[in-house]
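Biologist: Please take a close look at the part of this model where the two chains meet. I should like a formal account of what each side contributes and of how the helices are arranged there.

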Protein chains: 2
Amino acid sequence: MNLPAKRPGQKERRREREARILKAAEKVFAEAGFGGATMQLIADMAGLPKANLHYYFPTKEALYRQVVQNIFQIWLRAADVFDSADGPAEAIAAYIDAKMEISRHHPAGSKVWASEVMHGAPVIQDYLETTLTEWTEGRAQVIERWIEEGRMNRVDPRHLLYMLWATTQHYADFNHQIETLNGGKPLSDSQWDDAKASVKQIILAGIGISDAGKGG
Amino acid sequence: MNLPAKRPGQKERRREREARILKAAEKVFAEAGFGGATMQLIADMAGLPKANLHYYFPTKEALYRQVVQNIFQIWLRAADVFDSADGPAEAIAAYIDAKMEISRHHPAGSKVWASEVMHGAPVIQDYLETTLTEWTEGRAQVIERWIEEGRMNRVDPRHLLYMLWATTQHYADFNHQIETLNGGKPLSDSQWDDAKASVKQIILAGIGISDAGKGG
DNA sequence: CCCATTTCTGACCATATAGTCAAATTCACG
DNA sequence: CGTGAATTTGACTATATGGTCAGAAATGGG
């Protein structure tokens, strides 16, 4: 059965199991939605008996909640890059790059997030009202300052942020459609570079930042 | 089986019932997803007994399929405005306006569409491969021509289209998030005007079209 | 009014699924 | 080892849900 080559500790083992379940759950929730997902499917994908899931996560909703919260953390971490640059060009370019990377390597998470919000955010409404609202207001003020300083065109900061979210997340949430329009094949490395460059080109030009010949 | 010029009253009634069911179904599918939606809920919202739904639509999937196809038709009709203008500025502005209007007045449809695509388009995969692919390629060529003629910046037409879709549909699919960030209130008339103007401003500037006449 | 056709509906069934539980197994540690 | 705690799991239950159906009710032409 289990090879005695490596003996993980109890806590280690527990964390590994939970991570395994969460990974499977994220995929199934993304593919089938909360209502369409079944604990049995998640269990199969995680390679565990269903009853075992209920040992780690008492209910389907608790499992789902954990998945959504994890995604929110990733989202927040990516948002940090917005602050690590000191000008609009670098900040927004870095933010686009970060979010496009998430869309590429974490599409299931983005889909679960989209689904949650589309259904009225029953689980993370409080996050929207607190953390997300604060982050958005803070960033809107930063953008407003850049505008005052004449470092970018006057645009509504909110709608600029919405456009950034919409565009970058589209590559995850609608990856199936994009793949179909790409002849049924996933975007290649260079196509992803094109995507990132295109998004940055249009948005940066759109807010009046002359992109002096940058690459991906 | 042959119905020689049946009574119009009866047909009318049938159409009214079907429309009523489809409207309720669209809302429930949008709010709960396919898996989370129940025929009972749809029936209640339509004000009809559940068994009556199955008289008009044999299965839940058939009902869902009809809802998705209707949305696709609306989508296609809006896409027409792309061709009724003769230059990139007018065409893209009109397209943005049309799609924003749909997002505003038909958010449930947009959500069902998004959900369908996110889950791998099990129902409308053939539409993606035929109609949508053809439309996209045609429009990409039109954009390419505009670029050749020097009427707009050189951008990847595909990614421009994706950005248009993503941004406009975001106002429908994520309307709950936007509402939350707007202090819990839906966007007012003037806020919708701002949204449309902002999207047009950034994208048109982003592709190198100096927007002389602003306003919504 | 009569009859054929269409429409409606309550009651019912088969199935799927979230969640439970107690017994079995494994683990940590002295 | 021995022991108690943590974990695993097959079998089970309760319930929700999609779909069926037979018969009632309405509809409309002759």
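Modeller: The account below begins with the conventions, then treats the interface and afterwards its surroundings.

This is a predicted model, in which local features need pLDDT of at least 70 and side-chain atom pairs count only at pLDDT 80 or more, whereas totals for chains, interfaces and linings use all residues. Residues are numbered from 1 along each chain as its sequence is written, chains are lettered from A and ligands numbered from 1 in the order in which they are written, and side-chain values use heavy atoms, with hydrogens and water left out.

Chain A has eleven helices and zero strands, where helices (H or I, at least four residues) and strands (E, at least two) are DSSP runs numbered from the N terminus. The C-alpha atoms of chain A fill a box of roughly 65 × 40 × 35 Å along the principal axes.

The interface takes 52 residues from chain A and 52 residues from chain B, contact meaning heavy atoms within 4.5 Å. Between them the two chains bury about 4400 Å², with 66% of that on carbon and sulfur atoms; buried area is the accessible area (1.4 Å probe) that two parts lose on being put together, summed over both. In chain A, the residues losing the most area to chain B are M118(A), L181(A) and I202(A), together 18% of what that side buries.

Polar contacts join 15 residue pairs between chain A and chain B, both residues at pLDDT 80 or more. Such a contact is a pair of N or O atoms within 3.5 Å; within protein, one must be able to donate a hydrogen and the other to accept it, and residues adjacent in sequence count only if both atoms are side-chain atoms. Zero salt bridges are found across the interface, the rule being a side-chain nitrogen of Lys or Arg within 4 Å of a carboxyl oxygen of Asp or Glu.

On the side of chain A that touches chain B, at least two residues each come from α1 (10–36), α7 (107–118), α8 (125–148), α9, α10 (175–181) and α11 (189–206). The most come from α9(A), with twelve residues. By class, this side of chain A holds 24 nonpolar, 20 polar and eight charged residues; Ala, Val, Leu, Ile, Met, Phe, Trp, Tyr, Cys and Pro count as nonpolar, Asp, Glu, Lys and Arg as charged, and the others, Gly among them, as polar.

Helix α9 (residues 157–173) of chain A packs against helix α9 (residues 157–173) of chain B at an angle of about 120 degrees, with axes 8 Å apart. Axes are lines fitted to C-alpha atoms, for helices over the stretch in contact, and angles run from 0 to 180 degrees between N-to-C directions. The residues in this contact include Y162(A), M163(A) and W165(A) of α9(A) and H159(B), H170(B) and Y171(B) of α9(B). They divide into ten nonpolar, six polar and no charged.

Within chain B, the axes of helix α8 (residues 125–148) and α9(B) come within 9 Å and cross at roughly 115 degrees. Among the residues that meet there are W135(B) and I143(B) in α8(B) and L161(B) and W165(B) in α9(B).
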